[in-house]
2 protein chains.
Amino acid sequence: MACLLSGAGSTATREGQYRKLTGVPFTEVRIEDDFWAPRLRTTREKTLPHNLMWCEKTGRIGNFAKAGGSMQGKFEGIYFNDSDVYKVLEGAAYVLATHPDRKLEKQVDEIIEKIASAQQDDGYLNTYYTLVEPENRRTNLRDKHELYCAGHLFEAAVAHYRATGKRMLLSVACKFADHIDSIFGPDKRSGVPGHEEIELALVKLYGVTGEERYLKLAQFFLDERGRGRSRELYGDYCQDHKPIREQSEICGHAVRAMYLYSGVAGIAGITGDRGYVEAMERIWDDVVHRKMYITGGIGPSASNEGFTVAYDLPNESAYAETCASIGMVLWNHRLNLLHADARFADIVERALHNGLLSGISLDGERFFYVNPLASRDKHHRKPWYACACCPTNMVRFLPTVGGYVYAHSADEVYVNLYVASTAEVPLQDTLVRMTQDTRYPWDGDVKITIEPASEATFDMCLRIPGWCKDARLRVNGRPLSDFEIEKGYARIRREWHPGDVIELELAMPIERMKAHPNVTANTGRVAIQRGPIVYCNEAVDNGGTVFQLSLSRETELVAEHRPQLLGGVTVIRGTAVVSCAGSWNNMLYRPIAEPKTVKCVAVPYYSWDNRERGEMIVWLPETPDLAEISGADTGTPQSKEE
Amino acid sequence: MACLLSGAGSTATREGQYRKLTGVPFTEVRIEDDFWAPRLRTTREKTLPHNLMWCEKTGRIGNFAKAGGSMQGKFEGIYFNDSDVYKVLEGAAYVLATHPDRKLEKQVDEIIEKIASAQQDDGYLNTYYTLVEPENRRTNLRDKHELYCAGHLFEAAVAHYRATGKRMLLSVACKFADHIDSIFGPDKRSGVPGHEEIELALVKLYGVTGEERYLKLAQFFLDERGRGRSRELYGDYCQDHKPIREQSEICGHAVRAMYLYSGVAGIAGITGDRGYVEAMERIWDDVVHRKMYITGGIGPSASNEGFTVAYDLPNESAYAETCASIGMVLWNHRLNLLHADARFADIVERALHNGLLSGISLDGERFFYVNPLASRDKHHRKPWYACACCPTNMVRFLPTVGGYVYAHSADEVYVNLYVASTAEVPLQDTLVRMTQDTRYPWDGDVKITIEPASEATFDMCLRIPGWCKDARLRVNGRPLSDFEIEKGYARIRREWHPGDVIELELAMPIERMKAHPNVTANTGRVAIQRGPIVYCNEAVDNGGTVFQLSLSRETELVAEHRPQLLGGVTVIRGTAVVSCAGSWNNMLYRPIAEPKTVKCVAVPYYSWDNRERGEMIVWLPETPDLAEISGADTGTPQSKEE
């Protein structure tokens, strides 16, 4: 079957009949800040070549050449390694979309040729099966990730086509999608993938091709879930314990869950399926209010790379996979588009600035797979993993970060993230150019200059973050009192003229956060948060150890920007109590003793493990009454600049 | 081989050439207090008949009749169920030793006849193998517990012989021991049991028979450990990862470890083996200073019923099996006899009064297998378990509690536990009758009246508990100043006359205990301890919930004895803070808010779950500064009398 492109060459999408908002793609948003822009440059200059090099070096790319016959040798690595190549290509495509680069484009084209060569005549494409056990294709959907790899191929193909207009990879993708569609479906073979991904990818493939079959195939895989014979075999690890519309609790493997529900949210945006919308609402409530780390990380348990029970959020053993935080962003972004509700964008912001960004080093070439909230110097980023899902996920996610800043309807502009940037937002009646000036996330002052192509009446909807208790607005210098906040957005409807200026002031005090009392891991503990940034204490800033520190409720905390530290961060300074100083002498239990105090410095959680190795902790114990404590200011070394 | 009895009919023991002390057996100690005496009565009148009934009802006793041919039918239950019958018989023997009872003796004799009938001609005795797979005897020493069951048979036999002078069960035991000895040994078959127990039992069998072969066989099983081919198969779960003399850390299954090391300590007391003595020292340091709950419970993890890593002491998921606490007492008692060092008796006291005693209900007929330090109303005692090791361990342990009170050498009397009691201690030159008057554990005043058969010079060594910071002594009313404390014992050497009185005052203030800062489960938390008693807060005394309570450092705590509550306990009253009151509204994280206060009551940990079901917690969070808190004394219901 041929692959028909709707609006060939355009970047138009067919998604979203039922959803309230359309995202402004990252290609239309130019980030010009000190926070994200350096990260994007590092992603292009370091992370992408690093990932390409590792895919080459570990035989991941060679597997395609071998399957295509242009290279001799056996399959190398893990059976789902094809997906890593697709994800890196997807990242490369996003980079090409904003930063054309002939050398990179050529490199990408060569890889695509190898991929195309590995495709079988019937459209099937998976180098592991082709090279190792061709007779067993599709016999183990639960474990062997064929459909998962297919999904990543589709995402890469859509990205590459949109970035370059070239159809080669998209044709490969469509041919494979057609092959899958010829086998699975309501009147054909039943079955669902053990690792979800193809569902959201088919929605994207539908978006770029307009091919209804892909949408229906995505819908089929979603509707089959929890119904088929797989149910007992897959269980809740794969969210296959009951039909999606009957699900109420988040469970199982966290990345699987996020990819699945991203697909569901995408489909719900197109079809308006109430059952899906309501299930997402219930599951969101469960994860966000009972099973999410303050960093936005999810999935506390290593044993299933996923969820356990409500409020089980251990810090030191937190799994909180980087990919799961990325999935949390993908899913909440789609829910935000579906509902135009800022509580979803709040989660995007939380995960993005904390548990997701922690996944990559400042130099862009080392990665966390696991993101604990406390560490005794046993946990450090690595350049690569045999199971390389996290590095390859970072390289495809980071270039798209501009795509989370704005969204729109016919006559509304939504500002979801505050990032110094320029953007073009296509409303029904006019194209709106906007410029954001802000030092966010270090400062809550935001100035937005609006340049509609011509005077036009529309709504500017500015997200008031859930963490903010005092937001003020001015338009062209005049304060707006009693502005309406609707679903977390301050809404300003008026006729906008070129050069109009909105000023938003989000009070950003240092907050001592508490966890719900059922989170026993954090009983008696506080975490420091300022704006969207969650802080941690690292050994390097705190005299070499942080596990004995605790924080008095009375002690003053001070925010201080340090432009030379960790790429430029605002640190939080204060006085901590060494609650169990000195004299333990091998005792395990003893009566309470008087503590002493030391100076302490907290840095953003995402920035930890970029300097000297050592302990790290997010949730510090609260100390009883500091007043009587003697020996204050014994001092610790100044935090070391990177 | 015949079973030769040394000093037939006597209760003399041949153990202990190298150990410093001999325990005064429970048969020579008459407990007359309000704490243990009612427990002993309940054990005789309730727990023992209850256990016998369940052994009958579940086919455990019937298995012996079936194996002996006097009853038809298949083997019932788990393959190690024989051990339960042996343990209950051991308990029954201890009861008979102090409380002759013709009916019970007859019942015991009938069970012994069934056991004897099940013994094979070659001496082998295990109803599971005889009835289910006789061809596979001894083919799976790791999992199938034949030698474990044998050990419990030997212990029961020794107890029964000592209590009644009857040899029937002892003959069965010796015949089985001879059978095992004919197969295993340095020049015979190699092998160690997967579940240790036979080692300490063989030491006992040697003690009563004087038969060196049994001692050597015990030594063989100990020396083989960590050396054999089993090493890879068994691993550290069975303490088989390296030879015992090379072991330094406690690991694996907690009950296995305790039984093994009890055997090691017993052998070391006889042989003086330095390698064993030093290994015990290292392992003791590891468990007591890094891996023990404040209740004396050990083995935090359910997955291996055992140990994990240092300082991993989660409260709610604590496994802390009742049998492991019993094992902790058995082991530390032996180490105390070996070294005459009170730090071991401190652990006996801690486990005994807390994590062991919690294993049984006040009515004597319900049991904890697992002893968590916090519970959300999901954990309650049960009358029986399919794996019934804990109920049957309580019934054989409790009658012997008097045996932990005194020990002696040729010219020293050691007082290890404070219990109102009378005892006879046989020194080399004289028999010393002693009377202890005390309200311990509720009060630290102890009066000991000494009645040597005639005037004699010897040392009275009184344990000064590790928890006590202020101990005073008087002899015949005159204060002793600057008395010597040697290895935790206050030593008084003089010529004692009949009627001499020692008065010991152990200050017993309420202590707020802290755990070592590496125990992250308890960071910012305190536990209440008074004397040897660890306290907990139960829902029933605290307005229905305890997980939101925290304790201010400033609040006064008051001890109050309530004779009608829980069999008579001293409770601790105070004011707690509800740190996270009310308004969470489904939030998972929020900035700190002002708390309110309520009255709270703590009861001894061992006594929890004897009234209305509900939450329980040992380690309460410490609250910052109470001074500013408003809304104090909103009150909670008075604790309900049982």
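Two strands are said to pair if DSSP finds at least two bridges between them. In this predicted model, strand β15 of chain A, which spans residues 510–515, meets that condition with β21(B), the two strands running in the antiparallel sense and being joined over 3 bridges. Within this pairing, A:A515 has B:Y589 of β21(B) as its bridge partner.

The strand pairing belongs to a contact between the chains to which chain A and chain B each contribute, with 49 residues taken from chain B and 49 residues from chain A. Between them the two chains bury about 4,100 Å², and 61% of this area lies on carbon and sulfur atoms. Of the area that chain B buries against chain A, 19% is supplied by B:L588, B:Y589 and B:I592, a share that exceeds that of any other three residues. B:Y589 is thus named both among these three residues and as the bridge partner of A:A515.

As for polar interactions, 14 residue pairs, with both residues at pLDDT 80 or more, are in polar contact between chain B and chain A, whereas the count of salt bridges between the two chains is 0.

On the side of chain B that touches chain A, the elements giving two or more residues are α12 (274–290), β15 (510–515), β16 (525–530), β21 (589–591) and β24 (620–623) of chain B. The element that gives the most to this side is β15(B), with 5 residues. When the residues of this side of chain B are divided by character, 24 are nonpolar, 9 are polar and 16 are charged.

Notes. Residues numbered from 1 in each chain as written. Chains lettered and ligands numbered in written order. Predicted model: local features only at pLDDT ≥ 70, side-chain atom pairs only at ≥ 80, totals over all residues. Heavy atoms only, no water. Contact = heavy atoms within 4.5 Å. Buried area = accessible area lost by both parts, 1.4 Å probe. Salt bridge = Lys/Arg side-chain N within 4 Å of Asp/Glu carboxyl O. Polar contact = N/O pair within 3.5 Å; in protein donor to acceptor, adjacent residues only side chain to side chain. Helix = DSSP H or I, 4+ residues; strand = E, 2+ residues; numbered from the N terminus. Nonpolar A, V, L, I, M, F, W, Y, C, P; charged D, E, K, R; others polar.
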